[in-house]
Amino acid sequence: MKGLSIPVSAQDHSQGPADAAITLVEYGDYQCPYCGEAYPMLKAVQQALGDRMRFVFRNFPISEIHPNALPAARFAEAAADAGLFWEAHDLLYQRQDALSARDLQGYARQLGLDPALLQAADNGAFDARIERDFMGGVRSGVNGTPCLFINGVRYDGARDVDSLVEVLTELA
């Protein structure tokens, strides 16, 4: 069983206390239908565990299958630069069927992102960040999305809310 090759740090996109008993890391792809199915489940798990859990999201765009995954990850990173990562993350998963360049421009207006920031993202300004997440995932054994790690250890168990809350509660 593989563990995280890159430990969670302040550079990660995270919600919840840094000193929480549980850290759940998701390697995700904004266009992946399985990630889209996992999104509300992970939100429910976060709500159920509250401050006992820190949730971390890392980019793992599988561009060969999902051509809009990399542009969506770039958009999320541009939003992160403006302090709006989680708003962008949620919006992208809630509107997963609409991730074209035109859609992302509309979301940028909706979030109030500076058009220059979106242009910088389109020009690769955040690609090193995305690549770091992706390669960390590869080194950690990620071979598909969503891929979850609990306290640094890959989790391949049941993916329903009750099962995941039960597993995580045992660690809290």
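**Briefing: a five-stranded sheet**

In strand 4, the residue that serves as bridge partner of V25 is F149. V25 itself has a further bridge partner, V56, in strand 3. These pairings belong to a predicted model, in which five strands form an open sheet with the order 1-3-2-4-5 and mixed pairing.

**The sheet as a whole**
- The edges of the sheet are formed by strand 1 (13-15) and strand 5 (153-155), each of which pairs on one side only.
- From one strand to the next, the sheet twists by an average of 25°.
- Helix 3, made of residues 85-94, packs on the sheet and touches strand 1, strand 2 and strand 3, while the direction of this helix makes about 70° with that of strand 3.

**Strand 2 and strand 3**
- Strand 2 (residues 22-28) runs parallel to strand 3 (residues 53-59), and the two are paired over seven bridges.
- Within strand 3, V56 is the bridge partner of V25, and F57 is the residue that stands opposite E26.
- Strand 2, helix 1 (residues 33-49) and strand 3 together make a β-α-β unit, which is right-handed.

**The surroundings of strand 2**
- Because seven of its seven residues are buried, strand 2 is largely enclosed by the rest of the structure.
- In a regular strand, side chains alternate between the two faces of the sheet.
- Strand 2 is covered on both faces, with I22, L24, E26 and G28 buried on one side and T23, V25 and Y27 buried on the other.

**Strand 4 and its pairing with strand 2**
- Strand 2 also pairs with strand 4, here in the antiparallel sense and over four bridges.
- Besides the pairing of V25 with F149, these strands are linked through Y27, whose bridge partner in strand 4 is C147.
- Strand 4, which spans residues 147-150, has both of its faces covered, since C147 and F149 are buried on one side and L148 and I150 are buried on the other.

**The hairpin at strand 5**
- Strand 4 and strand 5 are antiparallel to each other and pair over three bridges, and I150 stands opposite V153 of strand 5.
- The hairpin that these two strands form has two residues between the strands, and in this hairpin N151 takes a positive phi near 50°.
- Strand 5 is one of the edge strands and pairs on one side only.

Terms used
Residues numbered from 1 in each chain as written. Predicted model: local features only at pLDDT ≥ 70, side-chain atom pairs only at ≥ 80, totals over all residues. Heavy atoms only, no water. Pairing = 2+ DSSP bridges. Axes fitted to C-alpha atoms, helices over the stretch in contact; angles between N-to-C directions. Contact = heavy atoms within 4.5 Å. Buried < 20%, exposed > 50% of the residue type's maximum accessible area, 1.4 Å probe, protein only. Right-handed = clockwise from strand over helix to strand, strands pointing away.
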